[in-house]
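Colleague: Could you take one part of this model and walk me through it closely? I'd like the helix packing and whatever cysteines sit there.

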Amino acid sequence: MQYYYNPFEPQTPSVMPPQIDYNEQWRALEELRLRKNYEKGEIKKFSLALGIAIVAFVAIQAATTFIVGLFGYTESLTNDPVFLYAYSIICSSVLSVALPFGIVGYYFKKNGQYSKYHIIPSKKLGISKFILWVLFGMMCCIAAQFLVSYFIQIVYSLTGKMLEAPEYAKSNSVFALFMELLATVIVPAITEEFAMRCCSLQLLRKYGKGFAVLCVSVVFGLLHGNIVQFVFAFIIGLILGYVTVMTDSILPAVIIHGANNGLSVTSSVAEYFSGEETSNIVSVVLYVLFAVLGIFATVILAKNKQFKSLKTDNTSVLSFGEKMSAFLFPWMIVPFLILIILTVSSSLL
């Protein structure tokens, strides 16, 4: 027999049993364990920083609202659209969003964490490719609005409560419309995309595109302060994150974000000049137009094989579940709970 072992005869290499280098295996396992611990520690560090930014967002909003009330302007936040939009630009966008997340980006950029992915993705895109991605994104945003409407109806049928976003005074002058444009379209598109798709997404991206897009979409949703906008912003975050990763440019996401918000401003402008009926017609026309153009753009992008999977393309040794666990626990769970409570209470009370 070929593998018969006779202890009285010398063994030849051809019949020697395979030798296992247990020391080498142990070293490989130990190296894997150390690398996993390092990556978990780094993700937890990023999670802590983003968690602090979220808490800062809540704290700054609360502090500025308190200061406004201290000076007797609380009622103006509800009844004076110009005052509301000015407050939104300064406090809700710049101080609450851009500042804390900008500090996070600055800290990690200084420490070399954006060495692989620049803090602001700025790959040059051809004009046609840029337009196609924007139209695709707008089509997805419109689809997201219908999904959220369906979600609201489901919640209503189950609980008897109609979830609604808070309503404020409508613009009552041309200057108010201009302020609404700044506060709703231009400033949030820049500050929120800088905070989410630049500082946050680019920081987590080296551990997987899908992982980064999902985590930042959750953060993006929670920053919007109520259950309706949370669901909508989460879906929009997935869309904007995907477009940013696919194009490696922040510009399409900024335009999609602004254009999506601009639908409501366009409706406000039409209502101010021509009445509610005209506003409804304009809204329907814009929705249909973006839906049709978006389908057309999607077909072209698919034909050109521009859609790609977000499967992990990094060298991480952690599974997706291990990375999500490291991101969520323990540092993110507290700010998540705080914002979920604020979200639910603002919508259901």
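**A close look at H5**

Modeller: Sure, and keep in mind that this is a predicted model. At 0% relative accessibility, cysteine 199 counts as buried. Cysteine 198 has 2% relative accessibility, so that residue counts as buried too, the cut-off being under 20%.

What about a bond between them? A disulfide needs two cysteine sulfur atoms within 2.5 Å. The closest cysteine sulfur to that of cysteine 198 belongs to cysteine 199 and lies 6.3 Å away, which is too far for a bond. Seen from the other side, cysteine 199 is in no disulfide, its nearest cysteine sulfur being that of cysteine 198. Searching the whole structure turns up 0 disulfides.

Now the packing. Helix H5 covers residues 174–204, and its axis comes within 9 Å of the axis of helix H3, residues 81–110, with a crossing angle of roughly 15 degrees. Angles under 35 degrees count as roughly parallel, so H3 gets that label relative to H5. The crossing of H3 past H5 is left-handed. Sorted by class, the residues in this contact are 22 nonpolar, 7 polar and 2 charged.

After H5 you reach helix H6, residues 209–222. H6 spans 20 Å from first C-alpha to last over its 14 residues, close to the 20 Å expected at 1.5 Å a residue. H6 is mostly covered, with 11 of the 14 residues buried. Among those buried are Phe211, Val213, Cys215, Val219 and Phe220, along with Lys209.

Conventions: Residues numbered from 1 in each chain as written. Predicted model: local features only at pLDDT ≥ 70, side-chain atom pairs only at ≥ 80, totals over all residues. Heavy atoms only, no water. Buried < 20%, exposed > 50% of the residue type's maximum accessible area, 1.4 Å probe, protein only. Axes fitted to C-alpha atoms, helices over the stretch in contact; angles between N-to-C directions. Helix = DSSP H or I, 4+ residues; strand = E, 2+ residues; numbered from the N terminus. Parallel < 35°, antiparallel > 145°, perpendicular 65-115°, else oblique. Left-handed = near helix turned anticlockwise from the far one by under 90°. Nonpolar A, V, L, I, M, F, W, Y, C, P; charged D, E, K, R; others polar. Expected span 1.5 Å × (residues − 1).
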